Amino acid sequence: MSANPAPARRWRPLPFIANPWLRYALLAGAALYLALALGSIEVNWARLSDGWARGLRFVSGFLEPNFSRRWDDIVQGMIESLTMTVTSTVAGIAISVPIGIGAARNLVPRPVYFLCRAIIAVSRSLQEIIVAILLVAMVGFGPFAGFLTLSFATIGFLSKLLAEDIEDIDPAPVEAIRATGAPWPSLIAFAVLPQVAPRLLGLSLYRLDINFRESAVVGIVGAGGIGATLNTAIDRYEFDSAAAILILIIAIVMASEYVSGLIRGRVK
Amino acid sequence: MPVTPHPEGGRSWQRHTPRGRIAIWFGWLIAVAFTVFCWRVMTQGTIWAFVWDAPTQAADIGARMVPPRWSYFPALIKPLWDTLNIATLGTLAAIALSVPVAFLAARNTTPSAAFVRPAALFLIVASRSINSIIWALLLVAILGPGVLAGIVAIALRSIGFIGKLLYEAIEEIDEAQVEAIRATGASGAQTLAYGIVPQIMPAFAGITVFRWDINIRESTVLGLVGAGGIGLNLESSLNTLAWPQVTLILLVILATVVASEWVSAKVRHAII
């Protein structure tokens, strides 16, 4: 009756990667990479200890931001950033909707589909700041270059998501409208757009937000907006002014996220 | 449903009521007027002569940009390695920092919904609102130019991204499993390790790889403000108007971005 009780076994959770060879090879590879990567970083400790005081000044600047020293520049930069955000989002939407429809596999012939997908791929693979550099070289300094950059970036984002959404729509209304003998534009207006409109609105609001954040970046390379003011403030080590600008950016982003949350909640 | 009967017989159908049509029309009017107003304010200082000149400028730059200077490629290998390190080490640092923040921000794991949660949420918003290039600009001023500033910039920007998606994943877990673990008498840490972590692991891995992909993309341009990587070469080539080098660098950046997107898609496919 009394066989030896089975030795107590400790339960272990299943490993994340089942094959032990692969698991240890990946671990060893990761360790090797980390050693090489950390070894190749050159850290200038003297410069770092210099920077410590500056870091503390930046933190104290955040606690006591100075809005007044560069107030006129800040207002000018913010007006440029905000107007740039609005116009580029509107222009971006206006261009993205046709491209998004064109990039939906279920609505258009193949050549149009590939053309629109190619436009989206180009827009998505070029970063805003590189586009901004090239456009500043072409159209000169100022918010117009920023407007073009952000519109261009909006196309890749919005068209891609809109196209994916259109490919997911319920085909029944499309079939129903088509059965009435409606021409293609009516098909889009009455069967497709009503289905994707709430999501399009949500995406547009989200992009408005992104465009505002990006408008702070394109200013660094001369394309207008609050980034230029920020760049000057940081270059002159005026960390309290820089902190004031960053606080304004964070506040505007928070406010716009809150408002777009409210709007999206009402539309759903 | 607004259906208008015609005096001569027959009816026509419309999507909106007359009141609805007027409201929509006014909405569009306000939107258009606001956009036009913004446009006017924005273009006040624009010198249109430069804008109309743009096609000529574009053609000029385009002509200078081809052919790319292929012989410059060996000089780009070290910067590429730096770029990879900035993205990877930055992502690793961000993971270490954002996991605690996410647990503090999630409604079901935060120690105090009144005090700690808002602080963690503010940290996430602050990190997300500021682009990594701006973080890099600041950190180059503080830490000096170099790879380290880039790593910290990427890490600071990624905290918000990983933290936000992770805390949303934590809030969506199945409470029953947590309850079951707790019922066995597990301590708080054990509940975390066996009840919550296994549930968020796939989401966590997906989010991290996704952010790594974005970080590769962003670390290629951090050098423009002095934070190391291939962007430094872009900056110096632009400053010396060496357009054939610029073309080569842009092509290399493009290839890197495509490769990282491919890797991240593969890994995410394998995990999820």
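This report describes the fold and overall dimensions of chains A and B, together with one helix crossing in chain A and the domain division of chain B.

The model is a predicted one, and every value below is computed from it.

**Secondary structure**

Chain A contains 10 helices and zero strands, so that its pattern, read along the sequence, is α-α-α-α-α-α-α-α-α-α. Chain B, by contrast in its make-up, has 11 helices and two strands, and the order of these elements along the sequence is β-β-α-α-α-α-α-α-α-α-α-α-α, with the two strands placed ahead of the helices.

**Overall dimensions**

The table sets the radius of gyration of each chain beside the value for a compact globule with that number of residues.

| Chain | Residues | Radius of gyration | Compact globule |
|---|---|---|---|
| Chain A | 268 residues | 26 Å | near 18 Å |
| Chain B | 272 residues | 27 Å | near 19 Å |

For chain A, the radius of gyration of 26 Å exceeds the value near 18 Å that a compact globule of 268 residues would have, and the C-alpha atoms of this chain fill a box of roughly 85 × 75 × 35 Å along the principal axes. For chain B, the radius of 27 Å likewise exceeds the globule value near 19 Å, while the corresponding box, again taken along the principal axes, is roughly 75 × 75 × 35 Å.

**Burial and contacts**

In chain A, 40% of the 268 residues count as buried, and of the contacts with a separation of 6 or more, 72% are made by residues 24 or more positions apart. In chain B, buried residues account for 38% of the 272 residues, and residues 24 or more positions apart supply 69% of the contacts with a separation of 6 or more.

**A helix crossing in chain A**

Helix α5 (residues 128-139) of chain A and helix α8 (residues 184-218) of chain A have axes that come within 10 Å and cross at roughly 50°, which means that α5(A) is oblique to α8(A). The crossing of α5(A) and α8(A) is right-handed. On the α5(A) side the contact is made by Glu128(A), Ile129(A) and Ala132(A), and on the α8(A) side by Glu214(A), Val217(A) and Val218(A).

**Domains of chain B**

Chain B is divided into domain 1, spanning residues 3-43, and domain 2, spanning residues 78-271. The C-alpha centres of domain 1 of chain B and domain 2 of chain B are separated by 44 Å.

Conventions
Residues numbered from 1 in each chain as written. Chains lettered and ligands numbered in written order. Predicted model: local features only at pLDDT ≥ 70, side-chain atom pairs only at ≥ 80, totals over all residues. Domains from an automatic or database assignment. Helix = DSSP H or I, 4+ residues; strand = E, 2+ residues; numbered from the N terminus. Rg over C-alpha atoms; globule rule 2.2 N^0.38 Å. Buried ≥ 20, exposed ≤ 12 C-beta atoms within 10 Å, placed from the backbone. Contact = placed C-beta atoms within 7 Å. Axes fitted to C-alpha atoms, helices over the stretch in contact; angles between N-to-C directions. Parallel < 35°, antiparallel > 145°, perpendicular 65-115°, else oblique. Left-handed = near helix turned anticlockwise from the far one by under 90°.
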